[in-house]
Each structure stands twice: as C-alpha cells, then as structure tokens.
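The following exercises concern a protein–DNA model. Each task is followed by a solution that proceeds step by step.

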Number of protein chains: 2
Amino acid sequence: MIDYILMGFLRYAPMTGYDLKQAIDTSTSHFWHAHHSQIYTTLRQMEKDGLVTSQFIQQVGQPNRRLYVLTEAGQRALQDWLEQPLMELPAIKEDLLVRLFFSAARDPHKVIEELRLQRQLHVQKLAVLHHTASVVIPEEHAKIPPEARDPIFWQATVSMGIKFQEMYIQWIDETIRVIEGSAMDPERK
Amino acid sequence: MIDYILMGFLRYAPMTGYDLKQAIDTSTSHFWHAHHSQIYTTLRQMEKDGLVTSQFIQQVGQPNRRLYVLTEAGQRALQDWLEQPLMELPAIKEDLLVRLFFSAARDPHKVIEELRLQRQLHVQKLAVLHHTASVVIPEEHAKIPPEARDPIFWQATVSMGIKFQEMYIQWIDETIRVIEGSAMDPERK
DNA sequence: CTGAACATGTAATTAGTTACATGATTTC
DNA sequence: GAAATCATGTAACTAATTACATGTTCAG
C-alpha cells in the first residue's frame, strides 16, 4: 500500500524520501502512516521495479538528497490500481476495543481512567484535523492549479477523520456512563 | 496483540485453536481478526513461553484436537497488560481513504461506483453487528454467570462498531453528493 | 455427490516496527 | 550548549498474509 501512496505523491512532483515522509505526516497519516525506514527501502525497491527513477543531488552544507521521479510505468501502475475498485471491507484494528472487550476483570475506575486519557487524545487529534481542513489543505491548494479537483478529495478524507473522532469521543462518553451506571454499583465497592 | 486476545478467551475456558478462531470470528473480528495460521503458531509459541499448556485429545471419527489451558503465568501476563493503560492513539489504516485521496485523476463516476459498493458492504456489516448485539451476546451471556460484567464490555465494543458503520455510511452519502456537485459539472463531461 | 464443518499444521513471503548509525546547520 | 531540522540509510525483528497440505463426517 505504501508504494501506491508514494506514487500518488510523486505524481504531483518529484520528491525525496524525506519530502515524502513529510507529505505523509501532514496529510495521509491519519489514515495511513509509514516510518522513514519503510519509505526509503520501498523507494529503492520501486526503483528496481522501474516504477521510479532517482537522481542523487550533491549539496553543500546541507546533506545530500536523492530525488525520485515517477516513471511512465509507475504512473500506469498507480492508475491501474485506482481503476480496480476495492471489493471488500478492509479489516479494522482497534487496540482500545481489544482491551475493553476483556476488561470485565479490571477495576472499573482504571478502565474509565484509560477511556478519559484516550478521549483527550481524540480531542487533540480532532483539533489537528480541523487545522488540516482549514489551513493545510487551502495552503496546498494554492500550490496547484486552482481548477484541480484534488482538494475536494483531500477534504473528503479529512471529513471522515473529523466524523470519526467526533463519533469516538461521543462513544467514550457513553461508554463511561454505562460503566459507571452498571459496573460500579455500591455493594460491589 | 493476538496473544492477548487468545489469553483473554482462554480465561473463560480451555479451548482449541479452532475454537479460538471461531470465538474471534464471531466477536472481536470487527476490531481485530486473525487467520488460523497465525492462531496456531502463536499458541505454540505461547506454550513455549509458559503462558498456556496444551493437551492432545484423540478422537474417533472427528479429527484430533489440541486443547489449550491458560497457566498462572498466562493469567498474570494478561492482567499486567490490561493494567498498563494505552497511552497513544493507535494508528488507523483505511484503504478506501488512501484511494480517495489520490482519486482526483479518476473518472468521478467510477469513484462514486466504488463508494456505493463500499456503502453496501457497510450496510451488511451493520446488520451483522445488530445481530451480534441482540442475539449473539445475549446467547453468550446465558453461558456465563448472570452477574458477570463481561457482556457490558462486549456490548460497548459492538456499540462502537455500530456507530462506526453508521458514521461511515453517512460519510459515503455526503462524499458522493460532494463529488456529484463539484467534480461532475457539465462542461467537464 | 458436493460442499460445509471439523481440525491442525507448515512454509514462504510481505509488511511493518524498532533500533542502530551518522553528521552538519540553525534556532532558542 | 541543547534541541530541532535536514537527510539517508541498514539491520534485526515481529506480525501478518497467502498458499500448501490432509482427511473424515454429515447434511442437502
């Protein structure tokens, strides 16, 4: 999957691994992230496969850079992948739900504490997403032809992120109430 | 993570790999799934680590079974893990959002088609979750002491699943409208 | 007679994470 | 003087997926 993300970004402009890492961190990371180690190794593999070419750029003062350019084959590979619709529901992995599922044996106060901590993180994430929607995307929009449809799709992904975080916060509040109401009755304490 | 899930289920009763696979498929799979190959190999590893013990049960007619029992060490490992709260937001991986993010270059009709297909899958999943909440969990509840708090936590995870699917469906509808409204203007066709 | 359910495994591969490794420049 | 930014890589490891492999019983 990370290979398609890299190709997707390289379609906008040639970039280095470092640039790609930053592009991911400030945009797709809320639905797909990658460590720099994976990015660099994947780019090398993609070069072997003819999907990208690279040129080494010597710099003074600054570290050298390796600039990657998407090839025709790379563009085709990306387009082919996009053409092929997703036919199943991708699996979800939610650590907190695993923990909660087996939390009956835990001290309910500790469970609620954990939920509150997670809640805080979701609130923070929500703020980041609002910032992405109102600042980052408009900024990026300014760098590409104004008639490009891309920002519509970028906003759609952020919109999902926002809805998800809002839903999550709401669910945590509700879950805390349920635990407080039914698992902490006085005779149990 | 799968090791903790296996321990979590083994706390209820000794089970075979096959049983565990089924338990996962009918309960945690909407937030964490595993293939049988991973389950069997993980159980073997856990046995080496002293978290479980197994006994081979010879059967006639039916294939033989290997029954796993959680050890004291296994119980402690699970409890320790549950005690240690989750401090970060786990990363999300959403294939559809990756595809959508880079979909500006696609035929918008094809994008909408894909969204509609996904919508259908989410509707189906939602039905499964409603069934889990109203049938599967009450059934499982009947098998354990009625005062056990477990079903409350099971329901909480299903509640998240339901909220998630509802949110997703709503977002797809909204996204289709956005694409129809702004990316399919007549002069472009 | 076909397919599902029961039941367990191994092998090969891919994907992803964590740790190791370096080093200059700029900002506080 | 410390921390952040720029910049790229390798190595080791863990997790997860896909494919290979086998064989009986029971229901439709």
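## Exercise 1: The surface near DNA strand C

**Task.** Describe the surface near DNA strand C by residue class, by contributing element and by polar contact.

**Solution.**

Step 1. Begin with composition. In this predicted model, the surface near DNA strand C comprises 5 nonpolar, 14 polar and 4 charged residues.

Step 2. Identify the nearest residues. There are 23 residues around DNA strand C, and those that come nearest are S37(A), Q38(A), Y18(B), R44(B) and R66(B). On the DNA side, sugar and phosphate make up 67% of the strand C atoms that come within 4 Å of the protein.

Step 3. Assign the surface to elements. At least two residues each are supplied by α3 of chain A and by α2 (17-26), α3 and β3 (65-70) of chain B. The largest share, 5 residues, belongs to α3(B).

Step 4. Examine individual atom pairs. An N or O atom in the side chain of S37(A) is 2.6 Å from a base oxygen of DNA strand C. R44(B) places a polar side-chain atom 2.3 Å from a phosphate oxygen of the strand. R66(B) uses its backbone: an N or O atom there lies 2.6 Å from a phosphate oxygen of DNA strand C.

## Exercise 2: The surface near DNA strand D

**Task.** Which residues come nearest to DNA strand D, and which elements each supply at least two residues of the surface near this strand?

**Solution.**

Step 1. List the nearest residues. Among the 23 residues around DNA strand D, these are H36(A), R44(A), R66(A), S37(B) and Q38(B). Sugar and phosphate account for 63% of the strand D atoms within 4 Å of the protein.

Step 2. Locate the contributing elements. Chain A provides α2 (17-26), α3 (36-48) and β3 (65-70), and chain B provides α3 (36-48), each with at least two residues. With 5 residues, α3(A) has the largest share of this surface.

Step 3. Classify the residues. The surface near DNA strand D holds 14 polar, 5 nonpolar and 4 charged residues.

Step 4. Inspect the polar contacts. In R44(A), a side-chain N or O atom is 2.3 Å from a phosphate oxygen of DNA strand D. H33(B) has a polar side-chain atom 3.2 Å from a phosphate oxygen of this strand. For N64(A), a backbone N or O atom lies 3.3 Å from a sugar or linking oxygen of DNA strand D.

## Exercise 3: Helix packing in chain A

**Task.** How is α1(A) oriented with respect to α3(A) and α2(A), and which residues form the two contacts?

**Solution.**

Step 1. Take the pair α1(A) and α3(A). The axis of α1 (residues 2-10) of chain A comes within 10 Å of that of α3(A), and the two cross at roughly 80°. The two helices are therefore roughly perpendicular to each other.

Step 2. List the partners. From α1(A), residues I2(A), D3(A), L6(A), M7(A) and L10(A) meet Q38(A), I39(A), T42(A), L43(A) and M46(A) of α3(A). This contact contains 7 nonpolar, 2 polar and 1 charged residues.

Step 3. Turn to α1(A) and α2(A). Their axes are 10 Å apart, at an angle of about 100°. Consequently, α1(A) is roughly perpendicular to α2(A).

Step 4. List this second set of partners. I2(A), I5(A), L6(A), F9(A) and L10(A) of α1(A) meet L20(A), A23(A) and I24(A) of α2(A). The contact has 8 nonpolar residues, with no polar and no charged ones.

## Exercise 4: The α1–α3 pair in chain B

**Task.** What are the angle and axis separation between α1(B) and α3(B), and how do the contact residues divide by class?

**Solution.**

Step 1. State the geometry. Helix α1 (residues 2-10) of chain B packs with α3(B) at about 80°, the axes being 10 Å apart. An angle from 65 to 115 degrees counts as roughly perpendicular, so α1(B) and α3(B) fall in that category.

Step 2. Name the residues. I2(B), D3(B), L6(B), M7(B) and L10(B) in α1(B) meet Q38(B), I39(B), T42(B), L43(B) and M46(B) in α3(B). By class there are 7 nonpolar, 2 polar and 1 charged residues in this contact.

## Exercise 5: Overall form of chain A

**Task.** Why is chain A described as more spread out than a compact globule?

**Solution.**

Step 1. Record the elements. Chain A contains 7 helices and 3 strands, in the order α-β-α-α-β-β-α-α-α-α from the N terminus.

Step 2. Compare with the globule rule. The radius of gyration of chain A is 22 Å, whereas the rule gives 16 Å for 189 residues; the value is well over the rule, so chain A is more spread out than a compact globule.

Step 3. Add the dimensions. The C-alpha trace of chain A spans about 70 × 45 × 35 Å along its principal axes.

How values were computed. Residues are numbered from 1 along each chain as its sequence is written. Chains are lettered from A and ligands numbered from 1 in the order in which they are written. Side-chain values use heavy atoms; hydrogens and water are left out. A residue is near a molecule or strand if one of its heavy atoms lies within 4 Å of it. A polar contact is a pair of N or O atoms within 3.5 Å; within protein, one must be able to donate a hydrogen and the other to accept it, and residues adjacent in sequence count only if both atoms are side-chain atoms. Helices (H or I, at least four residues) and strands (E, at least two) are DSSP runs, numbered from the N terminus. Ala, Val, Leu, Ile, Met, Phe, Trp, Tyr, Cys and Pro count as nonpolar, Asp, Glu, Lys and Arg as charged, and the others, Gly among them, as polar. Axes are lines fitted to C-alpha atoms, for helices over the stretch in contact, and angles run from 0 to 180 degrees between N-to-C directions. Angles under 35 degrees count as roughly parallel, over 145 as roughly antiparallel, 65 to 115 as roughly perpendicular and the rest as oblique. Contact means heavy atoms within 4.5 Å. The radius of gyration is taken over C-alpha atoms; the globule rule is 2.2 Å times the number of residues to the power 0.38.
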